[in-house]
Amino acid sequence: MTGGPRRTALTALAAVGAVGVGAAVWGTGVERYLFTLREHTLPILPAGARVLRVLHLSDAHMAPWQRRKQEWIARLADLAPDLVVNTGDNLGHAEGLAGIRHAFAGLRGVPGVYVHGSNDLYAPSPRNPLRYFTGPSKAHRSAESLDTGALDRFLTDELGWHALDNTAATLEVAGLRIDAFGVNDAHRRWDDLAAVVSKRAEQRATGDADLVLGVTHAPYRRVLDAFVDLDADLLLAGHTHGGQVRIPFSSKALVANCDIPLDQARGLSTWTHGGRRVPLNVSAGIGHSIFAPVRFGCRPEASLLTLVPAP
């Protein structure tokens, strides 16, 4: 290769390297702190109902030193939501509950429901990110157990939220009867849909609800389809991190870590099953594993869903 072509090749290589370094710096040092509130309005309530504001939180993956994240979540209480839905993976460290206590303290007394993700039971572990392209991740048998009992006591006893792991709960919120049901982490196959069907039958036997919610950490197709069959009016999930690293301006995630279509791995879409079309909100989550501290083309987020009467 002569001098001219060699210089051109080296210049091009240097430019590619510079772009790569810049992307890495942005993803690890900037974008993962650009916390974002996504807002949507959904006309799914009965005629005459008052507006219902639902705050959807997911995948905080909290570590004790993550002060910026804790403060941002804490300020979400200023939105004055009527209902909180937490789709799991709250903890990202053995001492993460202290940060969760601070972040969620302002939501004490606000009605809420939650399900577990695997990182509410086990601490994260290092992963090879390239393996996510081969399919959903596998459990690490050596993962450190977390104090799930302390987390649950905080969420239920102190905040007043209802656990929905493979069960159901009925709430009265803003004059509306809300039937909610959910499953434990489907990514680990801890979901028990037969138990949910049984609990849902008990709900139906006590009367009709104004709003029916289906809540899952991981949005696997089998779970979403079952929830539609159980008459859910709204589906809420997390787990995917929206792909966590995305090609900017692309409508699809590169990976979803479950079997949901890649163009539905983040945000509000419609899940269709059995002739029904049901709104589905998949949160890209507020955090990330401490072993993968990066966000690129996929800001950390929470969702505020404003539910209004259907026309």
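**Notes on the two sheets, their helices and the salt bridges**

1. Let's start with a sheet: six strands form an open one in the order S6-S7-S8-S9-S11-S10, and the pairing is mixed. Strand S6 (167–173) and S10 are the edge strands with a single partner each, so one side of each has no neighbour in the sheet. On average, neighbouring strands here are turned by 25° against each other, direction ignored. Strands and helices are DSSP runs (E, at least two residues, for strands; H or I, at least four residues, for helices), numbered from the N terminus. Two strands count as paired if DSSP finds at least two bridges between them.

2. A word on what you're looking at: this is a predicted model, where local features need pLDDT of at least 70 and side-chain atom pairs count only at pLDDT 80 or more, while totals for chains, interfaces and linings use all residues. Residues are numbered from 1 along each chain as its sequence is written, and side-chain values use heavy atoms, with hydrogens and water left out.

3. Which strand does S9 pair with in the parallel sense over three bridges? That partner is S11, and in S11 the residue bridged to Ala237 is Val282.

4. Two helices lie on this sheet. H5 lies across S6, S7 and S8 and runs at about 165° to S7, whereas H6 crosses S7, S8, S9, S10 and S11, at about 70° to S10. Axes are lines fitted to C-alpha atoms (for helices, over the stretch in contact), and angles run from 0 to 180 degrees between N-to-C directions.

5. Which residues of H6 are buried? They are Val223, Leu224, Ala226, Phe227 and Val228. Buried means under 20% relative accessible area, exposed means over 50%, and partly exposed is in between (1.4 Å probe, protein chains only). The cover over those H6 residues includes strand S7 (176–182), H5, strand S8 (211–215), S9, strand S10 (267–273) and strand S11 (276–282). After H6 comes Asp231, with a positive phi near 70°.

6. Asp231 turns up again in a salt bridge with Arg204, where the closest N and O atoms are 2.5 Å apart. The two partners sit 27 residues apart, Asp231 in the loop between helix H6 (221–229) and strand S9 (234–237), and Arg204 in helix H5 (residues 193–205). Asp231 is partly exposed at 34% relative accessibility, and Arg204 is partly exposed too, at 37%. By salt bridge I mean a side-chain nitrogen of Lys or Arg within 4 Å of a carboxyl oxygen of Asp or Glu. The structure holds eight of them.

7. Now the other sheet: it is open, has six strands in the order S1-S12-S2-S3-S4-S5, and its pairing is mixed. S1 and strand S5 (162–163) are at the edges, each pairing on one side only. Strand S2 (residues 52–57) pairs with S12 in the antiparallel sense over five bridges; Val54 has Leu305 as its bridge partner in S12.

8. Another salt bridge joins Glu301 and Arg38, at 2.2 Å from N to O. Why does this pair tie together parts that are 263 residues apart in sequence? Because Glu301 lies in strand S12 (residues 301–309) and Arg38 in strand S1 (residues 36–45). Is Glu301 buried or exposed? At 1% relative accessibility, Glu301 counts as buried, while Arg38 is partly exposed at 28%.

9. On to H4, where Thr148, Ala150, Leu151, Phe154 and Leu155 are buried. H3 and S4 are among the elements that cover them. Thr148 has a relative accessible area of 15%, and beyond its neighbours within four places in sequence it contacts (heavy atoms within 4.5 Å) His116, Asp120 and Leu121. Gly160 follows H4 and has a positive phi, near 90°.

10. H4 also supplies a salt-bridge partner: Glu158 meets Arg108 at 3.5 Å, N to O. Glu158 is in helix H4 (residues 148–158) and Arg108 in the loop between helix H3 (97–104) and strand S4 (112–114), so the pair ties together parts 50 residues apart in sequence.

11. Last, helix H2 (residues 67–75) packs against H3 at an angle of about 30°, with the axes 7 Å apart. H2 and H3 are therefore roughly parallel (angles under 35 degrees count as such, over 145 as roughly antiparallel, 65 to 115 as roughly perpendicular and the rest as oblique). Gln70, Glu71, Ile73 and Ala74 of H2 meet Gly99, His102, Ala103 and Phe104 of H3.
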